[in-house]
Amino acid sequence: MTEAAKPFAERHHEPRDAGDAFAYGVTKFLRFFADTLFARRYGHRAIVLETVAAVPGMVGATLTHLRCLRRMTDDHGWIRTLMEEAENERMHLMTFIEVARPNLFERMLILAVQWLFYIGFFALYLLAPRVAHRLVGYFEEEAVVSYTHYLAEIDAGRHANGPAPAIARHYWHLPAGATLRDVVLVIREDEAHHRDVNHGFASELAGEAVDQADHAPYPDHAADIRMAA
């Protein structure tokens with residue numbers, strides 16, 4: 001079965017070179033850190049991780065924008081796609097702030113991790129944008145796994161399935177009776193989309209062929225952006 005044919009929750013890009021191996025190793029190290037610190041506290045884990053997850057799209061969009069200006073070339077839709085990714089990840093954060101109120105320690109952790117990650121990712125994108133996009137692709141693979149585990153906790157009754165926050169119902173156009181489980185499902189779909197897009201960007205930068213049908217630039221909830229593009 002090809003990667004494109006696999007269920008979205010099972011897709012994984014096997015590392016093919018040193019850059020991929022570096023990105024995958026960093027991802028697994030950070031996954032170990034998150035698992036150790038948060039264990040099954042998925043709501044609190046999401047607050048910290050979504051703060052970090054909103055950084056790459058903004059960094060990539062900014063540097064792509066400046067590069068296109070310098071070279072006077074078209075961006076082929078990358079800037080809008082990356083900006084939408086950053087906004088989408090920020091909405092994940094705003095949603096989980098309503099679900100799991102962060103304590104003082106988590107707020108301080110967010111400040112430290114965001115600055116460290118921003119500086120490191122900015123430098124990586126300047127030096128090796130392909131590796132940077134591969135890193136995000138692996139991050140999103142792990143995000144899909146985390147939200148799948150989150151769903152399992154809800155389905156098993158170990159995590160309360162309360163009503164969806166109003167901000168989530170508005171952003172994802174969910175019905176009035178939507179629950180946390182509905183929110184986690186749409187967020188998992190978002191993360192799978194970001195995974196495929198960033199792996200696709202990394203492959204394009206490597207000169208590899210990319211299946212455009214599996215590399216759609218905008219998710220369903222960004223239809224207004226897609227129509228304007």
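Both aspartate 20 and arginine 134 are buried, and they make a good place to enter this predicted model. Their side chains meet in a salt bridge, with 3.1 Å from N to O. The pair ties together distant parts of the chain: aspartate 20 belongs to helix 1 (residues 18-38) and arginine 134 to helix 5, 114 residues apart.

**Salt bridges**

A search of the whole structure turns up 10 salt bridges. Three of them are set out here, with the separation of the N and O atoms.

| Salt bridge | N to O distance |
|---|---|
| Aspartate 20 and arginine 134 | 3.1 Å |
| Lysine 28 and glutamate 142 | 2.8 Å |
| Aspartate 196 and arginine 195 | 2.9 Å |

The pair of lysine 28 and glutamate 142 also links distant parts of the chain, since lysine 28 sits in helix 1 and glutamate 142 in helix 5, 114 residues apart. Lysine 28 is partly exposed, with a relative accessible area of 37%, whereas glutamate 142 is buried at 12%. In the third pair, aspartate 196 counts as buried because its relative accessibility is 17%, and arginine 195 is likewise buried, at 1%. Through shared partners, salt bridges join Asp17, Asp20, Arg130 and Arg134 into one network.

**Helix 5 and its surroundings**

How enclosed is helix 5 by the rest of the structure? Of its 27 residues, 21 are buried, so the helix is largely enclosed. Its length also fits expectation: at 1.5 Å a residue the helix should span 39 Å, and its end C-alpha atoms are indeed 39 Å apart. Histidine 133 is a good residue to look at here, being placed in helix 5 (residues 129-155) and counting as buried because its relative accessibility is 2%. Beyond its neighbours within four places in sequence, histidine 133 touches Trp78, Leu82, Tyr125, Asn198, His199, Phe201, Ala202 and Leu205. Just after helix 5 comes glycine 157, which takes a positive phi of about 80 degrees.

**Aromatic pairs and a nonpolar patch**

The count of aromatic pairs comes to 10. One of them joins tryptophan 115 and tyrosine 118 edge-to-face, at 6.4 Å centre to centre and with 75 degrees between the planes. These two residues are three apart in helix 4, and so about one helical turn separates them. Tryptophan 115 is exposed at 55% relative accessibility, while tyrosine 118, at 34%, is partly exposed. The rings of tyrosine 171 and tryptophan 172 also pair edge-to-face, because their planes stand at 85 degrees, with the centres 4.7 Å apart. Here both tyrosine 171 and tryptophan 172 are buried. An aromatic cluster is formed by Phe117, Phe121, Tyr125 and Phe139; Tyr125 has already appeared as a contact of histidine 133.

Turning to the surface, Leu104, Met108 and Leu111 make a nonpolar patch of about 340 Å². Methionine 108 lies in helix 4 (residues 104-127).

**The chain as a whole**

Stepping back, the chain has eight helices and zero strands. Buried residues account for 47% of its 229 residues. Among contacts with a separation of 6 or more, 72% are between residues 24 or more positions apart. The accessible surface comes to about 11,800 Å², and carbon and sulfur atoms hold 63% of that area.

Terms used: Residues numbered from 1 in each chain as written. Predicted model: local features only at pLDDT ≥ 70, side-chain atom pairs only at ≥ 80, totals over all residues. Heavy atoms only, no water. Helix = DSSP H or I, 4+ residues; strand = E, 2+ residues; numbered from the N terminus. Buried < 20%, exposed > 50% of the residue type's maximum accessible area, 1.4 Å probe, protein only. Contact = heavy atoms within 4.5 Å. Patch = residues over 30% accessible without salt bridge, like charges linked within 9 Å, V, L, I, M, F, W, Y side chains within 5 Å. Areas by Shrake-Rupley, 256 points an atom, 1.4 Å probe, with all protein chains shown as cover. Salt bridge = Lys/Arg side-chain N within 4 Å of Asp/Glu carboxyl O. Expected span 1.5 Å × (residues − 1). Phe/Tyr/Trp six-rings, centres within 6.5 Å; stacked < 30°, edge-to-face > 60°.
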